[in-house]
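Work through the exercises below with the model open. Try each task before reading its solution.

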Amino acid sequence: MTVRVGLIGAGVMGADHARILATAVAGAELVAVSDLDAARMSKLVATCKTARAIANPLDLIRDPNVDAVLVASPDETHGALVLACLDLEKSVLCEKPLAKSMQECVKVMERENAVGRRLVTVGYMRRFDPGYVEMKRRLDEGELGAALVMHCVHRNVAAPSFMTGPMLITNSAVHEIDIARFVLGREVRRVTVVTPRKTGLSSMQDPQIVLLEMDNGVVVDAEIFVNAQYGYDVRAELVCEKGTITLMPPHDVTVRHSAQEGFAFPSDWRPRFAIAYRAELQAWVEALRSGVPAGASAWDGYVATAVAEAGLKSLASGHPTEVKLEPRPALYD
Ligand code: ISE
């Protein structure tokens, strides 16, 4: 059976998902695209022979020819669209973050629990990146002993115009929060956001250092710098009792020329996480066919947003902030 996918959002990520679905994922077909920007929607539909335009996203969700929905619209629209999918018991892969507040994430979990089966996947694609997967595997293998510290770097070339200081946490650092939970298998108990000297190339507080204290004492430090200029650069090093695990730089070759040695950085996350995005979409399609969920759940989406909200409080107050989580519903065990 081919899964007929409806896509909401024809922006940067929506267009990339459409391209990956059309060229690199087996068992799925993009049948509909929705975007409030009619020109953008038509442009994407024109590149994809199998899809038609449906202006209203709720009509797309209701369309009987749409089996499953991919949400890649602006962050603040995610929660309502996921809830609309759950009302019709349709599976949905929602780009991060799951919703704009913890309360809205709780509503999503309540609605999914009322249905009684996992229908929501959150697009924390780093869980499918071979480097992070291997980091987790080597830690779990136990040879390096316990994890102690995780150092993370998250640098973008330049922030889009809609980005604000708090969005460094809710839109960018959420990836570090999710991947730290994934690799370490622990929850975050306290968050502290430290604000270094600001770059003069932007008016927002950039960079920010997000410190996560995990419930087993591991400390994660993540530098989030979204106007770093030189390239898209994501790094991670896990310091364990008997050694370290470091992500490899994401390039195939190093070039020596004119008395220099070097490699090119990608300009954004799409090439850097190309393998992860493809694997995430393929796993989602396979999960739809098999009924066995894969990837980040609504619970994971809720926790990332809850930790980010604690981070926002810390950013505002300058103090460490405790993370308080709801009990985890059995559906996510
Ligand atoms: C963007 O929305 C992403 O999800 C990227 O992975 C991240 O690196 C970037 O900072 C975000 O703005």
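**Exercise 1. Salt bridges**

Task: How many salt bridges does the structure hold, and what do Asp87 and Arg111 tie together?

Solution:
- Start with the criterion: a side-chain nitrogen of Lys or Arg within 4 Å of a carboxyl oxygen of Asp or Glu.
- Count the pairs: the structure holds 27 salt bridges.
- Take one case. Asp87 and Arg111 form a salt bridge through their side chains, at 2.5 Å from N to O.
- Place the partners. Asp87 belongs to helix H4 (residues 78–87) and Arg111 to helix H5 (residues 102–115), so the pair ties together parts that are 24 residues apart in sequence.
- Helices here are DSSP runs (H or I, at least four residues), strands likewise (E, at least two), numbered from the N terminus.
- The principle: side chains of opposite charge can pair when their charged atoms come close.

Two notes on the source. This is a predicted model, where local features need pLDDT of at least 70 and side-chain atom pairs pLDDT 80 or more, while totals for chains, interfaces and linings use all residues. Residues are numbered from 1 along each chain as its sequence is written, and side-chain values use heavy atoms, without hydrogens and water.

**Exercise 2. The ligand shell**

Task: Which residues are around the ligand, and which helix gives the most to the shell?

Solution:
- Apply the cut-off: one heavy atom within 4 Å.
- List the residues: Lys96, Met125, His154, Asn156, Asn171, Ser172, His175, Tyr232 and Trp269.
- Sort them: 3 nonpolar, 5 polar and 1 charged. The nonpolar class is Ala, Val, Leu, Ile, Met, Phe, Trp, Tyr, Cys and Pro; Asp, Glu, Lys and Arg are charged; the others, Gly among them, are polar.
- Find the helix: H7 (residues 167–184) gives the most, with 3 residues.

**Exercise 3. Ligand oxygens**

Task: What distances separate side-chain atoms of Asn171 and Ser172 from an oxygen atom of the ligand?

Solution:
- For Asn171, an N or O atom of the side chain is 2.6 Å from a ligand oxygen.
- For Ser172, a polar side-chain atom is 2.7 Å from a ligand oxygen.
- Now the burial: the ligand taken alone exposes 300 Å², and the protein buries 91% of that (Shrake-Rupley method, 1.4 Å probe).

**Exercise 4. Backbone details**

Task: Where do Pro97 and Gln229 lie?

Solution:
- Pro97 is in the loop between strand S5 (91–95) and H5. The peptide bond from Lys96 to Pro97 is cis, with omega near -10°.
- Gln229 is in the loop between strand S10 (219–225) and strand S11 (233–240). Gln229 is not a glycine, yet has a positive phi of about 75°.

How values were computed
A polar contact is a pair of N or O atoms within 3.5 Å; within protein, one must be able to donate a hydrogen and the other to accept it, and residues adjacent in sequence count only if both atoms are side-chain atoms.
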